[in-house]
Amino acid sequence: MKIVKVKDYEEMSRKAAEIVAERMNAIENPVIGLATGSTPEGMYEILIDKYNKGEIDFANTTTFNLDEYVGITDDDPNSYHYFMDKHLFDHVNIQKEKTHVPSGMADDLDRECREYEEAIKAAGNIDLQLLGIGNNGHIGFNEPGTPVDSRTHIIGLKEETIQANARFFDSIDEVPTKAITMGIGTILDSKEILMIISGENKRDAVTSLLKGTISEDIPASALHNHPNATVIIDEAAWGDNE
Ligand SMILES: N[C@@H]1[C@@H](O)[C@H](O)[C@@H](COP(=O)(O)O)O[C@@H]1O
């Protein structure tokens with residue numbers, strides 16, 4: 001696992017966007033795994049800017065998002081479908097049929113999970129998967145305790161995740177209690193992984209990750225098993241770590 005320490009959120013976003021842009025230009029039909037949350041917003045802004053300057057082109061890019069809440073519609077402002085449209089898809093020349101966000105509204109959610117896995121395989125697997133990290137070390141919505149070989153599945157959200165994500169909703173009671181997420185095994189199948197971490201509230205997660213011990217209690221620690229994973233961490237998230 002390669003660690004890149006940066007000064008702040010802005011530098012993290014810029015470095016991450018540069019890596020994404022480089023891969024998009026180097027790979028003929030890139031398959032990019034996308035993440036939501038506050039952390040990648042700045043990186044998406046820079047990618048849009050690069051697109052406007054003609055430095056990158058999304059016409060041949062296929063995307064797969066990590067996760068989605070169960071039980072909220074695509075047009076709900078808190079859905080990850082809506083987030084992706086607002087923060088990236090509506091601003092670039094990506095072909096909508098090449099974007100994939102798992103549906104948390106499917107009648108048959110198990111089938112949706114199977115089909116999501118099949119779609120990733122059919123696209124030739126993910127070239128570069130972007131990741132944020134939850135305060136409790138989750139990746140996608142793979143909460144502590146999720147097996148490292150898990151595939152796309154439905155998961156019950158932990159209380160701490162519901163609380164952390166409540167800031168986006170009118171009240172905590174509106175936060176969905178379940179989600180559909182790529183599994184840790186699905187994520188590890190990506191050819192390359194890029195995780196970005198910013199802010200003081202991620203310090204404990206960073207400390208656990210840097211320990212280097214692989215444990216189901218810290219889902220992000222599975223990245224130590226990946227041959228091509230980079231983690232960009234800003235000073236606020238780094239804290240007292242050596
Ligand atoms: N499912 C998402 C994760 O993919 C994301 O990494 C995490 C942290 O989000 P933020 O970047 O807002 O701290 O939030 C959610 O739980």
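This talk covers strand β6, its two neighbouring strands, and the loop that follows, in a predicted model.

Start with β6, which spans residues 128-131. Its side chains alternate: Leu128 and Leu130 point one way, while Gln129 and Leu131 point the other way. All four of these residues are buried.

Next, the partners. Strand β2, residues 31-34, runs parallel to β6 and is joined to it by two bridges. If you want a place to look, find Ile32, which stands opposite Leu128. Strand β9, residues 193-197, also pairs with β6 in the parallel sense, here over three bridges. In that pairing, Leu130 has Leu194 as its bridge partner.

Now the loop between β6 and β7, where β7 is residues 153-156. Asn136 is in this loop, and so is His138. The UniProt record, an unreviewed entry, lists both under the feature "active site", along with Asp67 and Glu143.

Is His138 buried or exposed? His138 has 26 C-beta neighbours inside 10 Å, so it counts as buried; the cut-off for that is 20 or more. Asn136 has 19 such neighbours, and therefore counts as partly exposed.

Last, contacts, leaving out residues up to four places away in sequence. Asn136 touches Pro144, Lys158, Glu160 and Thr161. His138 is in contact with Glu143, Pro144, Thr161 and Pro219. Pro144 and Thr161 therefore appear in the list for Asn136 and in the list for His138. Glu143, in contact with His138, is itself one of the positions under "active site" in the UniProt record.

Note on methods: Residues numbered from 1 in each chain as written. Predicted model: local features only at pLDDT ≥ 70, side-chain atom pairs only at ≥ 80, totals over all residues. Buried ≥ 20, exposed ≤ 12 C-beta atoms within 10 Å, placed from the backbone. Helix = DSSP H or I, 4+ residues; strand = E, 2+ residues; numbered from the N terminus. Pairing = 2+ DSSP bridges. UniProt positions renumbered as here; feature names shortened; annotations may be inferred. Contact = placed C-beta atoms within 7 Å.
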